[in-house]
Amino acid sequence: WDPSKGGSNRWATVFLYLSDVTIGGQTTFPYSKAPPEQSANLPSRHQLLSYLADLKMSPTSWEGEMVLEKCFSTNLSVKPKK
């Protein structure tokens, strides 16, 4: 765990979600692939575009790009749970 040798002193990370949302809200890990059961349950691009339209959010905005390209991709994401 020596930072001078490429180690880190962080041994755990805890996420505390402060809101309850009906869609999204997940934490995405871009360098980790999702397990097959998560990949099989991803919304279609058409559904995502519909969600963005409901939120009055442009698909070309940074938020829209996050939804379309990052949050609902084949990367590992963890959804908040009660």
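**Exercise 1. Find how much surface the chain exposes, and which atoms supply 58% of it.**

Solution. Keep in mind that you are working with a predicted model. The chain exposes about 6,800 Å². Carbon and sulfur atoms supply 58% of that area. Now turn to the residues: of the 82 in the chain, 18% count as buried.

**Exercise 2. Work out the order of helices and strands along the chain.**

Solution. Start with the totals, which are 3 helices and 2 strands. Next, read along the sequence, and you will find the pattern β-α-α-α-β. Then look at how the strands are joined: β1 (residues 27–33) and β2 run antiparallel, with 4 bridges between them. For one of the pairs, pick Lys33, whose bridge partner in β2 is Asn75. Finally, consider contacts with a separation of 6 or more: 65% of them are between residues 24 or more positions apart.

**Exercise 3. Sort the side chains of β2 (residues 75–78) by the face they point to.**

Solution. Walk along the strand one residue at a time, and the side chains alternate. Asn75 and Ser77 point to one face, and both are buried. Leu76 and Val78 point to the other face and are not buried.

**Exercise 4. List the residues of the largest nonpolar core and say which helix gives the largest share.**

Solution. First, a general idea to guide you: in soluble globular proteins, nonpolar side chains tend to be buried together. Here the largest nonpolar core has 6 residues: Leu48, Leu52, Val67, Leu68, Cys71 and Phe72. Next, assign them to helices: α2 and α3 each supply at least two. The largest share, 3 residues, comes from α3. To see one member up close, take Leu48 and set aside its neighbours within four places in sequence. Leu48 is then in contact with Pro43, Val67, Leu68 and Phe72.

**Exercise 5. Decide whether Ser61 is buried or exposed, and find what its side chain reaches.**

Solution. Begin by locating the residue: Ser61 lies in the loop between α2 (45–54) and α3 (62–71). Then check its relative accessibility, which is 19%. Buried means under 20%, so Ser61 counts as buried. Last, follow the side chain to its two backbone partners. One is the backbone oxygen of Ser58, reached at 2.7 Å. The other is the backbone nitrogen of Gly64, reached at 3.0 Å.

Key: Residues are numbered from 1 along each chain as its sequence is written. This is a predicted model: local features need pLDDT of at least 70, side-chain atom pairs count only at pLDDT 80 or more; totals for chains, interfaces and linings use all residues. Side-chain values use heavy atoms; hydrogens and water are left out. Buried means under 20% relative accessible area, exposed over 50%, partly exposed in between (1.4 Å probe, protein chains only). A polar contact is a pair of N or O atoms within 3.5 Å; within protein, one must be able to donate a hydrogen and the other to accept it, and residues adjacent in sequence count only if both atoms are side-chain atoms. Two strands pair if DSSP finds at least two bridges between them. A nonpolar core is a set of buried Ala, Val, Leu, Ile, Met, Phe, Trp, Tyr and Cys residues joined through side-chain atoms within 4.5 Å. Contact means heavy atoms within 4.5 Å. Accessible areas come from the Shrake-Rupley method with a 1.4 Å probe; for residues, only the protein chains shown count as cover.
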